[in-house]
Amino acid sequence: MDKVELEKRVEELHKLLHEYGYAYYVLDQPMVPDAVYDQYLKELLAIEADNPDLIFPDSPTQRVGGNILEGFEKVTHKTPMLSLSNAFNEEDLRDFDRRVKAVVGESVRYVCELKIDGLAISLTYENGTFVLGSTRGDGTTGENITANLRTIRTIPLRLKNDISIEVRGEAYMPKKSFNKLNEEREQKGEDLFANPRNAAAGSLRQLDPKIAASRNLSIFLYSIGGDPEQYGLDSHSESLDYLDEMGLTTNKERRVCQTIDEVVEYVKEWHDKRPNLSYEIDGIVVKVDRFIHQQELGFTAKSPRWATAYKFPAEEVVTRLIDIELS
Ligand SMILES: NC(=O)c1cnc(OC2CCCC2)nc1N
C-alpha cells in the first residue's frame with residue numbers, strides 16, 4: 001500500500017478497534033470474537049512498526065505507555081474540583097431540601113447518584129482526543145496521571161464526536177479485582193490494601209503504567225468541568241445522558257427525583273442493595289438538577305449548596321472473630 005492508502009487503513013483500524021473496544025469494555029457486549037479484535041490490533045501494530053509517523057496518541061495501541069515516569073507533574077484545574085457537604089440521616093436530607101426550596105422555590109427537581117468510593121479524577125479531551133488526566137489533589141492542583149488513566153479500558157481515547165470537554169468522575173477498583181489483588185499480595189507476603197479506594201489510589205500513583213494496566217481499574221463519570229451550558233445542556237441529568245452519547249461511562253443507577261420523599265426512597269433502596277454491587281459505594285449524592293437552580297444556589301467556600309452526600313455507615317465487615325464465636 002502507498003502512504004495515502006496506509007493512512008486510510010490506519011484510520012479504518014482506529015475506528016474499528018475503538019468501536020469494538022467500546023462495545024467490549026463499556027457496553028459489556030462484544031461485537032466480534034477476541035481473535036478478530038487481536039488480528040486487527042496486530043495489523044495496526046505492524047503498520048505502526050513500519051511507519052512510526054502513523055502512530056497517533058489516540059491509537060488503541062497506545063493505551064499502555066512504555067516508559068516509567070520520574071514523577072507526576074502538577075496540574076491546575078481550570079475550575080476547582082469541589083468537595084461535598086454531608087447528610088447523615090433523613091432529617092439532614094429534609095433540611096437540605098428546605099434550604100434549597102427557600103432559594104429556588106417548590107419546583108426543584110433532584111438527581112440521585114450512587115456515591116462511588118474511589119479516587120476523584122478529571123479527564124480533558126481536545127477535538128475528541130483524550131489529552132490529559134489528573135487527580136483531584138487539593139481541589140485546585142492535582143497530579144498529571146494521564147499515562148495511568150490511558151490504561152483504563154472504560155476511558156475512551158477518542159470520543160464519538162470531536163468535541164473539547166473536561167469531565168470529572170471517580171476511578172475505582174471493582175470488589176472482585178480488589179479481593180484477587182490482595183490474595184496475590186498475601187501469597188507474596190506483601191502488605192494488603194485496606195479497601196478498594198486505597199487500592200485504586202495506590203494503582204494510579206504507580207510511576208510504571210504497566211502496573212496500573214494490570215490492576216483492572218474502571219471509572220464512572222459524573223460531571224462536566226467548566227460551563228456545561230456551552231454544550232446546550234440545561235440540567236445535570238441531561239449532561240449525564242450527553243456524556244453517554246459521547247461514549248463516556250456514567251453510572252446507570254442514577255434516578256431523577258421530583259420530591260425529597262423520592263430521594264429518601266432511593267437512599268433506603270440502595271442502602272439495602274449496596275452489598276450486591278460489584279463496586280463499593282459510601283453513600284448517595286443528591287444534586288439539584290436544573291443548572292439555573294444550581295446557579296441561584298451557588299457555593300460555600302468549599303462545596304456547592306446545590307448538592308449533598310448522604311453517607312452510609314461503614315459496611316459491616318465479617319471478621320474471623322465472629323467465625324470463632326460461631327464455631
Ligand atoms: N463519588 C461520586 O460518585 C460522586 C462525587 N461527586 C459528585 O458530584 C460532586 C462533584 C461536583 C459537585 C458535586 N458526584 C458523584 N457521583
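Begin with the shell of residues around the ligand, which divides into seven nonpolar residues, no polar ones and four charged ones; keep in mind as you look that this is a predicted model.

To bring up that shell in your viewer, select the ligand together with Leu84, Glu113, Leu114, Lys115, Ile116, Glu170, Tyr222, Val285, Lys287, Pro304 and Trp306, the residues that surround the ligand.

Next, colour two strands, β3 (110–116) and β10 (281–288), each of which supplies at least two residues of the shell. Which strand gives the most to the shell around the ligand? That strand is β3, with four residues.

Now stay with β3 and show the backbone atoms of Ile116, where a backbone N or O atom lies 2.8 Å from an oxygen atom of the ligand. Then show the backbone of Leu114, which has a polar atom 3.3 Å from an oxygen atom of the ligand. After that, turn to the side chain of Lys287, where a polar atom lies 3.1 Å from a nitrogen atom of the ligand. With these contacts in view, consider how the ligand is covered: taken alone it exposes 390 Å², and the protein buries 89% of that.

For the last stop, leave the ligand and select Thr129, which is found in strand β5 (residues 129–135). Is Thr129 buried or exposed? Thr129 counts as buried because its relative accessibility is 12%, and buried means under 20%. To see what is in contact with Thr129, leaving aside its neighbours within four places in sequence, add Asp58, Thr124, Leu157 and Arg158 to your selection.

Technical notes: Residues are numbered from 1 along each chain as its sequence is written. This is a predicted model: local features need pLDDT of at least 70, side-chain atom pairs count only at pLDDT 80 or more; totals for chains, interfaces and linings use all residues. Side-chain values use heavy atoms; hydrogens and water are left out. Buried means under 20% relative accessible area, exposed over 50%, partly exposed in between (1.4 Å probe, protein chains only). Contact means heavy atoms within 4.5 Å. A residue is near a molecule or strand if one of its heavy atoms lies within 4 Å of it. A polar contact is a pair of N or O atoms within 3.5 Å; within protein, one must be able to donate a hydrogen and the other to accept it, and residues adjacent in sequence count only if both atoms are side-chain atoms. Accessible areas come from the Shrake-Rupley method with a 1.4 Å probe; for residues, only the protein chains shown count as cover. Ala, Val, Leu, Ile, Met, Phe, Trp, Tyr, Cys and Pro count as nonpolar, Asp, Glu, Lys and Arg as charged, and the others, Gly among them, as polar.
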